[in-house]
Amino acid sequence: MVRKMMAVSAITLVLMLVFWGVFLASEIRVFFTLGVVSLTVSFHFSIRLVIGGLIDYNLKNRVDYTKGWFREKGFEKGLYKTLRVKKWKNRMPTANEDYFSVKKHSLEEIVMAGCQAEIVHELCAAAGFLSVLFAIPFGDWWVFFITAAVGAVYDMVFVIIQRCNRPRLMKALEREKRVQMTNSKENQND
């Protein structure tokens with residue numbers, strides 16, 4: 001998925017240059033508008049790649065999942081049931097499926113990767129609103145605000161998925177740790 005995002009970011013950046021070049025040569029306003037749209041799309045994909053890369057580089061999926069931020073809040077279970085998250089969550093793309101592979105990672109590593117993914121999407125949702133600054137040279141702030149809001153909603157879908165999955169994963173992790181402790185005590189007694 002990351003390669004596809006990089007491709008979209010690069011292609012829309014090139015399209016921006018092409019559209020603006022055509023606009024400058026022809027002064028046909030629609031090409032200017034298409035250039036601004038391309039710039040905005042490129043920005044939204046690029047900011048998500050940059051934030052994801054920086055967080056991945058710094059945290060390396062080693063997030064303290066016991067922090068209060070990651071604990072399930074009282075309203076969440078009902079919200080996720082109302083949103084029917086379990087019915088659609090598996091249809092959403094994953095930036096790096098390897099991070100969530102039970103064949104390649106322990107349950108604890110998967111929980112930490114989920115917490116990191118949540119952080120990335122929360123930051124992306126907020127950072128997307130920086131696109132409103134494009135209104136300074138181009139005007140029409142509401143267009144940039146709407147695209148930022150749509151991007152934020154999209155990112156929050158992934159936050160919801162991570163938060164919906166976490167309680168189940170935490171129960172399985174606790175069960176796994178209890179079994180390990182029981183086995184460890186039995187081995188000590190032998």
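A salt bridge here is a side-chain nitrogen of Lys or Arg within 4 Å of a carboxyl oxygen of Asp or Glu. With that in hand, let us walk through this structure, which is a predicted model.

## Salt bridges

By this rule, the count comes to 8 salt bridges. A good place to start is the pair formed by E118 and R166, whose closest N and O atoms are 2.8 Å apart. E118 belongs to helix 5 and R166 to helix 7, so this pair ties together parts that lie 48 residues apart in sequence. Are E118 and R166 buried or exposed? Both E118 and R166 are buried. The pair also has company: E76, E118, R163 and R166 are linked in a network of salt bridges.

Two other pairs have a different setting, and the table puts the three together.

| Salt bridge | Closest N to O distance |
|---|---|
| E118 and R166 | 2.8 Å |
| D98 and K104 | 3.0 Å |
| K67 and D64 | 4.0 Å |

K67 has a relative accessibility of 48%, so it counts as partly exposed, because that class runs between 20% and 50%. Its partner D64, at 37%, is partly exposed by the same reasoning. In the other pair, D98 also has a relative accessibility of 37% and is partly exposed, while K104 is exposed, because its 54% is over the 50% cut-off.

## Helices 2 and 5

Helix 2 covers residues 29-59, which makes 31 residues. Why does a span of 45 Å fit helix 2? At 1.5 Å a residue, a helix of this length should span 45 Å, and its end C-alpha atoms are indeed 45 Å apart, so the two values agree. Just after helix 2 comes K60, which has a positive phi, near 50 degrees.

Helix 5 can be checked in a similar way. Its 21 residues reach 30 Å from the first C-alpha to the last, close to the 30 Å expected at 1.5 Å a residue. How many of the 21 residues of helix 5 are buried? The number is 17, and helix 5 is thus mostly covered.

## The nonpolar core

The largest nonpolar core has 28 residues. Within this core, I51, Y65, V111 and L173 have the most contacts. Helix 1 (2-26), helix 2, helix 5 and helix 7 each supply at least two of its residues. Which helix gives the most to this core? Helix 5 does, with 9 residues.

## The cavity

The structure holds 1 cavity of 30 Å³ or more, and the space in the largest cavity is about 30 Å³. Its lining consists of I110, V111, G114, Q162, R166 and L169. Helix 5 (107-127) and helix 7 (141-189) are the elements that give two or more residues to this lining. By class, the lining has 3 nonpolar, 2 polar and 1 charged residues. Two names return here from earlier sections: R166, the salt-bridge partner of E118, and V111, one of the core residues with the most contacts.

## The pockets

The largest pocket has a volume of about 1300 Å³. It is lined by 43 residues, and the closest to its centre are P93, T94, A95, H121 and F158. The elements that give this lining two or more residues are helix 1, helix 2, helix 5 and helix 7. Helix 7 provides the largest share, 11 residues. By class, the lining of the largest pocket has 23 nonpolar, 14 polar and 6 charged residues.

The second largest pocket has a volume of about 340 Å³. Of the 14 residues that line the second largest pocket, E72, K77, Y80, K86 and C164 lie nearest its centre. Here, the elements with two or more lining residues are helix 3 (76-82), helix 4 (85-88) and helix 7. Which element gives the most to the lining of the second largest pocket? Again the name to note is helix 7, with 5 residues. The class counts for this lining are 4 nonpolar, 1 polar and 9 charged residues.

Methods. Residues numbered from 1 in each chain as written. Predicted model: local features only at pLDDT ≥ 70, side-chain atom pairs only at ≥ 80, totals over all residues. Heavy atoms only, no water. Helix = DSSP H or I, 4+ residues; strand = E, 2+ residues; numbered from the N terminus. Expected span 1.5 Å × (residues − 1). 1 Å grid on protein atoms, 1.4 Å probe; cavity = no way out; pocket = protein on both sides within 12 Å on 5 of 7 lines; lining within 4 Å. Points joined across faces, edges and corners; volume = space filled by probe spheres on them. Nonpolar A, V, L, I, M, F, W, Y, C, P; charged D, E, K, R; others polar. Buried < 20%, exposed > 50% of the residue type's maximum accessible area, 1.4 Å probe, protein only. Core = buried A, V, L, I, M, F, W, Y, C linked by side-chain atoms within 4.5 Å.
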